[in-house]
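Me: I'd like to understand the labels people put on parts of a structure. Could we go through some of them together?

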Amino acid sequence: MDKESQTVTAIAEEKDTVGDFTFPERNKFDAGYGLSEATVDYICDVKNDPDWVRDFRKKALRIFEEKPMPTHWATKDLETINFDKIRYYLSDGERPKRSWDEVPDDIKETFERLGIPEQERAFLAGVEAQFDSEAAYSNVKDAVSEQGVIFVNSAEGLKEHEEVFRPWFGKVIPSSDNKFSALNSAVFSGGSFIYVPPGVKVTHPLQAYFRINSENFGQFERTLIIVDEGAELTYMEGCTAPKFETATLHSAVVELVAMKDAKLQYITVQNWSSNVFNLVTKRGIAHENAEVRWIDCNIGSRLTMKYPGVVMKGKGARGEVVSIALANDGQHQDTGAKMIHAADNTTSNVVSKSISVGEGRSTYRGQVHIPKHLKGCVNNTECDALLINSKSKTDTYPAISVKGNKHATQHEASVSQVSEEQIFYMQQRGLSEAEAMSLSVNGFVNDLVREFPMEYSVELKRLIDLEMEGSVG
Amino acid sequence: MSLLITDLHAAIDGTEILKGLNLEVPKGEVHAIMGPNGSGKSTLAKVLAGHEDYQVTSGSVSMDNQDLFAMEVDERSRAGFFLAFQYPAEIPGVSNANFLRAALQARMPKGEDLDAVEFYKEMRDKMGKLGMDQKFTGRAVNEGFSGGEKKRNEILQLMMLAPSYAVLDETDSGLDIDALKVVAEGVNTMRSPARGFLVITHYQRLLDYIVPDVVHVMADGKIVKTGGKDLALELEEKGYDWVKEELVTS
Ligand SMILES: Nc1ncnc2c1ncn2[C@@H]1O[C@H](COP(=O)(O)OP(=O)(O)O)[C@@H](O)[C@H]1O
Ligand SMILES: [Mg+2]
């Protein structure tokens, strides 16, 4: 299955939008097209996985094969994914580098164009940069590692830190959770493993960036973050892919564990090209008085299905999902939140804002579960949709199951439209139609954008502007 | 140099509202348009601004010899046309400061950025002159503003954008006498040989404070009478029926 390395021509093929460029492939390891037990063995061999991981993967493969597509509730568009036409593992066989100077030129240029080394210098505590299946760069600042913080890729995590990794791996999200968590569990590669020791408050964010470079490729990173008692961490994730002729699959699993009194914030800004199927499972466990926050911004992709969840397992735990989704022409953002209250006095908060542009469609799916035997639980859910054009679509499926009467829940939903009078007013002051649209959309998400670190809110505004530019005239 | 409207006909949903309107506002002058409700004053204002609901069926408008109808709404604005709306729109989530900044930035040459410090200084200064609380910089444009606050905000934008021609559509409605004076004072400071004003009003009261050079009376989509500032007083005294009767008899 190995493919001969190709000569590197460090000239990226230019396209017109951010992130829409690609370098020629030069993979030393290529699992080929299609998925079978042999594919899983190939990945295990290349990665030199321990036996328990090989077993884990093979069990997951069987679950994946048995589980039907969830099209009884989700979109039929899932059926267009052809699992035989996807490549499940691609890498150049290089170990992740600790210095950008050692990273191969084309990969380095890719990340430079995406602004990663610059952000690292400016405000990050550590960075991992993944190119197709494996990390090309991984570094954490000395001051952070001296505090005992572990920040490595998943392969290194499961081998070098098995005693911390293994007890939680696949426990927050079992392989059988859904068809795509099973798929990820079978073929995962890359992603981060992070451990923050008790009491350590990491002041600057750690960041991972996931880049797809190859066509017909599936990216299946796996992230596990454990923040020990009283510790704090903010983790940020960014993603892009060039626009290919054929569909690309991104199917990650992210598991978070916040021990007693810990605080963990996970921020995503994804800007996938419009033919990526982005089917991601993300869930966190919050122990006593711990807090897990998902801050999620979904721009681009053909179909995103993502419902970050928090299981509030300990008394007084808090869970939060703050999300922004923008669905442009031909895109479907099917996003939401799952809040599982499993202890007394737990609090969850969901704020979701979606924007549908052109023929774009956004769907909110919520699940709030508060069982009868608990008391003092609070949930607040607010989902607002903004429709830009008459053909834009939005739908909301809030499932709130609250048993017993010792709880407080609140649900608000709204659908609004950018009015012609509003756009006319702004144009009369000299803004072009696209600028007016952009400003309106930015205004709509303004209160949520403030939740993002400054550096990211600027980026977010720029991405929204780019999306709106193409949407008018 | 003027805003010159020639034989303008315009319709909405197939109903003709403007029926051959002629008017010239030279730079440096303040003209008032008075007229009964429904005579087409706001229609004129929106047609000049380029609202897409209205169809211009014939006639022309030139602004300093530029064809206004050849320009998009935003181009007209950047070329120096300003409309203070009778009913200003609300823009949720967009602060007054950000909106004004974006409007001014849109007027900058490509690649040049607005001087933020200078901008805030100027905005605060003008808000002071209009008796607007500084907290309005951070509030969403017109959202939850009272009628009077909205009108002040329109004048703030007028002062910041400093257009060549400004149409004020019933800026006096919804204002108490003190607010009216402040707003009129704001407009008066903007009077200049480099700027023309068209002040639309239903009542004579505003014209006590913004004294016009010329007064036009509009009825049924046309200018039916033109005179000096005394015409406004005469109208106030005799009522609009007087103009309508004159129309019928003429
Ligand atoms: N969509 C419409 N279809 C038909 N007539 C309309 C429409 N909108 C406004 N009008 C009419 O246009 C006329 C002029 O309105 P307007 O310009 O607002 O008058 P003014 O500002 O002088 O009070 C009114 O008679 C009004 O009823
Ligand atoms: Mg009117």
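Me: What makes the contact between Arg429(A) and Glu154(B) a salt bridge?

Reply: In this predicted model, the side chains of Arg429(A) and Glu154(B) meet at 2.6 Å, N to O. A salt bridge needs a side-chain nitrogen of Lys or Arg within 4 Å of a carboxyl oxygen of Asp or Glu, so the label fits. This pair crosses between chains, from the loop between H9 and helix H10 (433–449) of chain A to helix H5 of chain B. Both Arg429(A) and Glu154(B) are buried.

Me: How do you know that Asp344(A) and Lys375(A) form a salt bridge, and what does the pair tie together?

Reply: Their side chains meet at 3.5 Å, N to O, and the cut-off is within 4 Å, so this pair counts too. Asp344(A) sits in the loop between strand S21 (332–341) and strand S22 (347–356), and Lys375(A) in the loop between strand S23 (361–370) and strand S24 (378–387), so the pair ties together parts of chain A that are 31 residues apart in sequence.

Me: Why is Asp344(A) called buried, and why is Lys375(A) called partly exposed?

Reply: Asp344(A) has a relative accessible area of 16%, and buried means under 20%, so the word applies. Lys375(A) has 47%; exposed means over 50% and partly exposed lies in between, so Lys375(A) is partly exposed.

Me: What places Asp465(A) and Lys461(A) about one turn of the helix apart?

Reply: Both lie in helix H11 (residues 454–469) of chain A, four residues apart. Their side chains meet in a salt bridge at 3.0 Å, N to O. Asp465(A), at 23%, and Lys461(A), at 40%, are each partly exposed. Elsewhere, salt bridges that share partners join Glu37(A), Asp41(A), Asp45(A), Arg54(A) and Lys58(A) into one network. A search of the whole structure finds 36 salt bridges over all chains.

Me: Which residues coordinate the magnesium ion (ligand 2), and how do you know that they are donors?

Reply: Ser42(B), through OG, and Gln86(B), through OE1, coordinate this ion at 2.1 to 2.3 Å. Donors are N, O and S atoms within 2.8 Å of the metal here, so both atoms qualify. Ser42(B) lies in helix H1 (residues 41–49) and Gln86(B) in the loop between strand S6 (81–84) and helix H3 (96–105), so the pair ties together parts of chain B that are 44 residues apart in sequence.

Me: Is Ser42(B) buried or partly exposed, and is Gln86(B) buried or partly exposed?

Reply: Ser42(B), at 22%, is partly exposed. Gln86(B), at 16%, is buried, because buried means under 20%.

Me: What is notable about phi in Asp132(A) and Asn142(B)?

Reply: Phi of Asp132(A) is near 55°, a positive value in a residue other than glycine. Asn142(B) is not a glycine either, and has a positive phi of about 65°. Asp132(A) lies in the loop between strand S5 (126–131) and strand S6 (134–140) of chain A. Asn142(B) is in the loop between helix H4 (116–129) and helix H5 (147–161) of chain B. Asp132(A), at 2%, counts as buried, and so does Asn142(B), at 0%.

Me: What lets Glu421(A) belong to a surface patch of negative charge?

Reply: Glu421(A) has a relative accessible area of 37%, and patches take residues with over 30%, so it passes that cut-off. Glu counts as negative, so the sign of the charge fits as well. Among the other members are Glu420(A), Glu433(A) and Asp13(B).

Definitions and conventions: Residues numbered from 1 in each chain as written. Chains lettered and ligands numbered in written order. Predicted model: local features only at pLDDT ≥ 70, side-chain atom pairs only at ≥ 80, totals over all residues. Heavy atoms only, no water. Patch = residues over 30% accessible without salt bridge, like charges linked within 9 Å, V, L, I, M, F, W, Y side chains within 5 Å. Areas by Shrake-Rupley, 256 points an atom, 1.4 Å probe, with all protein chains shown as cover. Charge placed at Lys NZ, Arg CZ, Asp CG, Glu CD. Buried < 20%, exposed > 50% of the residue type's maximum accessible area, 1.4 Å probe, protein only. Donors = N, O, S within 2.8 Å, 3.2 Å for Na, K, Ca; no water. Helix = DSSP H or I, 4+ residues; strand = E, 2+ residues; numbered from the N terminus.
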